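This report describes a structure shown below, taking the arrangement of its chains first and selected local features afterwards.

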There are 2 protein chains.
Amino acid sequence: MHKKIMYYIYLRNNAMGNSKLYKGSLHTIILKLLEENGKMYGYEITQKVKEITNGELNITEGALYPALHKLEAEELLDVEVAKVDNRLRKYYKLTEKGTKETVTKLKELEEYIRNMHTLVNAKWSI
Amino acid sequence: MHKKIMYYIYLRNNAMGNSKLYKGSLHTIILKLLEENGKMYGYEITQKVKEITNGELNITEGALYPALHKLEAEELLDVEVAKVDNRLRKYYKLTEKGTKETVTKLKELEEYIRNMHTLVNAKWSI
DNA sequence: AATTATACCTAAAAAACTTATGCATAAGAA
DNA sequence: TTCTTATGCATAAGTTTTTTAGGTATAATT
């Protein structure tokens with residue numbers, strides 16, 4: 001006898017018609033969220049971003065997890081595995097190097113946004 | 001007898017340590033510049049961007065020309081070839097479709113920037 | 001005479017995504 | 001009980017958009 005395996009396949013509806021546009025900004029988002037919240041796990045990050053942007057920005061898992069692994073490889077993040085409700089969670093937090101890099105990345109973002117604002121001669125402000 | 005060919009090879013120093021970061025924004029920049037200036041040619045666009053951003057953003061030719069061709073293929077731009085001082089210039093201008101698309105793209109950019117501003121909980125404003 | 005600025009172009013590679021899977025447990029709805 | 005949704009991790013193939021690195025040519029400047 002063996003256990004009966006129940007595994008359901010289901011369709012996902014990631015990222016519908018939500019606003020695209022962003023290149024290196026995913027790393028910046030991750031770093032900044034970790035700076036503010038101390039430690040977070042992947043799924044939590046996707047939900048947080050969705051919540052903050054009222055569902056306008058959806059981080060796909062295919063983008064998020066490789067990004068987290070890369071940041072970890074660059075020693076900007078530390079990982080800590082936890083088991084909650086029999087489910088795995090990988091908590092990430094900034095290293096010292098990561099904290100410095102966050103400052104740099106945020107400056108670059110501001111620079112970029114200022115340049116774009118000037119370039120398109122925007123009437124709006126934030 | 002044949003003419004003596006004089007052709008100099010030289011090194012280029014495109015895009016030094018200048019601010020990276022931007023994905024679909026190149027199309028938006030091009031469209032907006034054309035909206036403001038009526039018609040422009042490729043080289044002029046690169047110089048204009050450099051000028052406006054004080055040299056911080058340098059559009060590479062390898063990105064610009066394919067982008068212009070793509071926008072033309074999508075019928076957002078019209079081309080007009082001119083010869084000035086025995087040198088070729090290709091002037092681009094917005095089509096009607098292109099003018100509409102410019103509005104859309106600018107809205108998307110604003111949306112994106114607002115989202116990023118909220119996400120990183122920025123203290124600065126523009 | 002040599003270099004720099006002006007002007008176009010393309011192809012190979014890299015970067016950063018989306019899309020499409022796969023696996024697994026818990027909670028809630030039918 | 002059964003099915004579905006939510007929670008949680010992951011990778012691989014494909015696409016888009018960029019960088020890097022070439023190529024060709026004329027005019028102006030050093």
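## Relation between the chains

Chain A can be superposed on chain B with an RMSD of 0.1 Å by a turn of 180° and a shift of 0.0 Å along the axis. The two copies are thus related as by a two-fold rotation axis. Both copies use the same surface, since 100% of the contact residues of chain A recur in chain B. The model discussed here is a predicted one.

## Aromatic pairs

How many aromatic pairs does a search of the whole structure find? Over all chains there are 2. In one of them, A:Y41 and A:Y91 meet edge-to-face, with 5.3 Å from centre to centre and 80° between the planes. This pair links distant parts of the chain: A:Y41 belongs to strand β1 (residues 39-41) of chain A and A:Y91 to strand β3 (residues 87-94) of chain A, 50 residues apart.

Are A:Y41 and A:Y91 buried or exposed? The cut-off for a buried residue is a relative accessible area under 20%. A:Y41 has a relative accessibility of 17% and therefore counts as buried. A:Y91 is also buried, because its relative accessible area is 14%.

In chain B, the ring centres of B:Y41 and B:Y91 lie 5.3 Å apart with their planes at 80°, so this pair is edge-to-face. B:Y41 is in strand β1 (residues 39-41) of chain B and B:Y91 in strand β3 (residues 87-94) of chain B, so the pair ties together parts that are 50 residues apart in sequence. Both B:Y41 and B:Y91 are buried.

## A lysine over the ring

The ring of A:Y91 has a further partner in A:K39, whose charged end sits over the ring, 4.7 Å from its centre. In chain B, the charged end of B:K39 sits over the ring of B:Y91, at 4.6 Å from the ring centre.

## Helix α1 of chain B

Helix α1 of chain B covers residues 25-37, which amounts to 13 residues. From its first C-alpha to its last the helix reaches 18 Å, close to the 18 Å expected at 1.5 Å a residue. After α1(B) comes B:G38, which has a positive phi near 75°.

How many of the 13 residues of α1(B) are buried? The number is 10, and the helix is thereby mostly covered. The buried residues of α1(B) are B:S25, B:L26, B:H27, B:T28, B:I29, B:I30, B:L31, B:K32, B:L33 and B:L34.

Definitions and conventions
Residues are numbered from 1 along each chain as its sequence is written. Chains are lettered from A and ligands numbered from 1 in the order in which they are written. This is a predicted model: local features need pLDDT of at least 70, side-chain atom pairs count only at pLDDT 80 or more; totals for chains, interfaces and linings use all residues. Side-chain values use heavy atoms; hydrogens and water are left out. Helices (H or I, at least four residues) and strands (E, at least two) are DSSP runs, numbered from the N terminus. The expected span of a helix is 1.5 Å times one less than its number of residues. Buried means under 20% relative accessible area, exposed over 50%, partly exposed in between (1.4 Å probe, protein chains only). Rings of Phe, Tyr and Trp (its six-membered ring) pair if their centres lie within 6.5 Å; planes under 30 degrees apart count as stacked, over 60 as edge-to-face and the rest as tilted. A charge sits over a ring if NZ of Lys or CZ of Arg is within 6 Å of the ring centre and within 35 degrees of the ring normal. Copies are superposed by least squares on the C-alpha atoms of residues with pLDDT of at least 70 in both. Contact means heavy atoms within 4.5 Å.
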